[in-house]
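Here are a few exercises to work through with the model open in your viewer. Try each task on your own before reading its solution.

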Amino acid sequence: MIARLRGKVIEAYPNRLVVDVHGVGYEVFIPLSTFDRLHAAEGLDVDLRTHLHFSQLGQKLFGFASEEERDVFLLLIDRVSGVGPTMAVSVLSGMNVNDFKKCVVAGDVVGLSKLKGVGKKTAERIVLELKDKVGVTETWQDAAAGQVSAGAADAELALIALGYKQVDARKAVRK
């Protein structure tokens, strides 16, 4: 599995890059958010988190500017039925990771359905399948950033493991 690429961009397009890593050119499909974040241009040194996806049609390498982007991509393709890599890249191209997480936790189907290629039913599936998963990662991030004490984070994660929704678990811990 190819988990990371570090090299020089030899071709740059908004949806894909060709990265030269010690003489080997890797074609990497990227969301627009990654393209914008890297200010990708030919000759630029890049460091990408990647996911190598296998399908009946072949292999594709997907690249991301951050771990967060790759994690959301993997959640979408692994947990949401009917969402493949192309749609996951489209979601990340249309919305940054934090806004996506807020939409999922808040159940904002309308906001998600405005994304290219995401209809109302797909947006509902995304919310249904990821609501609890996104909440767990948010709790971990809050604990790592020091916004929530370690004890409160542990209590919140324990309630989520017992079946509580992330929002309800957070309210209970605050009380």
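**Exercise 1. Describe how α2 and α3 pack.**

Task: find in which hand α2 passes α3, and work out how the two helices are oriented.

Solution. Keep in mind throughout that this is a predicted model.

Step 1: Start with the hand: the crossing of α2 past α3 is right-handed.

Step 2: Take the geometry next. Two packed helices are described by the angle between their axes and the distance between the axes. For α2 and helix α3 (residues 85-94), the packing angle is about 135° and the axes are 9 Å apart.

Step 3: Classify the angle. Angles over 145 degrees would count as roughly antiparallel, and 65 to 115 as roughly perpendicular. The α2 and α3 pair is therefore oblique.

Step 4: List the residues that meet. On the α2 side they are Glu69, Val72, Phe73, Leu76 and Ile77, and on the α3 side Pro85, Ala88, Val89, Val91 and Leu92. Sorted by class, this contact has 9 nonpolar residues, no polar ones and 1 charged residue.

**Exercise 2. Trace the salt bridges of Asp47.**

Task: which side chains form salt bridges with Asp47, and at what N to O distances?

Solution.

Step 1: Recall the principle. Side chains of opposite charge can pair when their charged atoms come close. The cut-off to apply is 4 Å between a side-chain nitrogen of Lys or Arg and a carboxyl oxygen of Asp or Glu.

Step 2: Test Arg6. Its closest N and O atoms with Asp47 are 3.7 Å apart, and the pair forms a salt bridge. Asp47 sits in strand β4 (residues 45-55) and Arg6 in strand β1 (residues 4-13), so this pair links distant parts of the chain, 41 residues apart.

Step 3: Test Arg49. This side chain also meets Asp47 in a salt bridge, at 3.9 Å from N to O.

Step 4: Compare with the accessibility classes. Asp47 is partly exposed at 22% relative accessibility, Arg6 is exposed at 56%, and Arg49 is buried at 17%.

Step 5: Widen the view. A network of salt bridges links Arg4, Arg6, Asp47, Arg49, Glu67 and Arg70. The full count by this rule is 9 salt bridges.

**Exercise 3. Connect two helices through a charged pair.**

Task: where do Lys101 and Glu68 lie, and is each one buried or partly exposed?

Solution.

Step 1: Check the distance. The closest N and O atoms of Lys101 and Glu68 are 3.6 Å apart, and the two form a salt bridge.

Step 2: Place the partners. Lys101 belongs to helix α4 (residues 97-106) and Glu68 to helix α2 (residues 67-79), so the bridge ties together parts that are 33 residues apart in sequence.

Step 3: Assign the classes. Lys101 is buried, because its relative accessible area of 8% falls under 20%. Glu68, at 29%, counts as partly exposed.

**Exercise 4. Place Thr122 in the fold.**

Task: what does Thr122 touch, leaving out residues up to four places away in sequence?

Solution.

Step 1: Locate the residue: Thr122 is in helix α6 (residues 120-145).

Step 2: Check its accessibility. Thr122 has a relative accessible area of 12% and is buried. Across the 175 residues of the protein chain, 41% count as buried.

Step 3: Name the contacts: Thr122 touches Val83 and Met87.

Step 4: Finish with the whole chain. The protein chain has 8 helices and 5 strands, in the order β-β-β-α-β-β-α-α-α-α-α-α-α from the N terminus on.

Conventions:
Residues are numbered from 1 along each chain as its sequence is written. This is a predicted model: local features need pLDDT of at least 70, side-chain atom pairs count only at pLDDT 80 or more; totals for chains, interfaces and linings use all residues. Side-chain values use heavy atoms; hydrogens and water are left out. Helices (H or I, at least four residues) and strands (E, at least two) are DSSP runs, numbered from the N terminus. Buried means under 20% relative accessible area, exposed over 50%, partly exposed in between (1.4 Å probe, protein chains only). Axes are lines fitted to C-alpha atoms, for helices over the stretch in contact, and angles run from 0 to 180 degrees between N-to-C directions. Angles under 35 degrees count as roughly parallel, over 145 as roughly antiparallel, 65 to 115 as roughly perpendicular and the rest as oblique. A crossing is left-handed if the near helix is turned anticlockwise from the far one by less than a right angle, and right-handed if clockwise. Contact means heavy atoms within 4.5 Å. Ala, Val, Leu, Ile, Met, Phe, Trp, Tyr, Cys and Pro count as nonpolar, Asp, Glu, Lys and Arg as charged, and the others, Gly among them, as polar.
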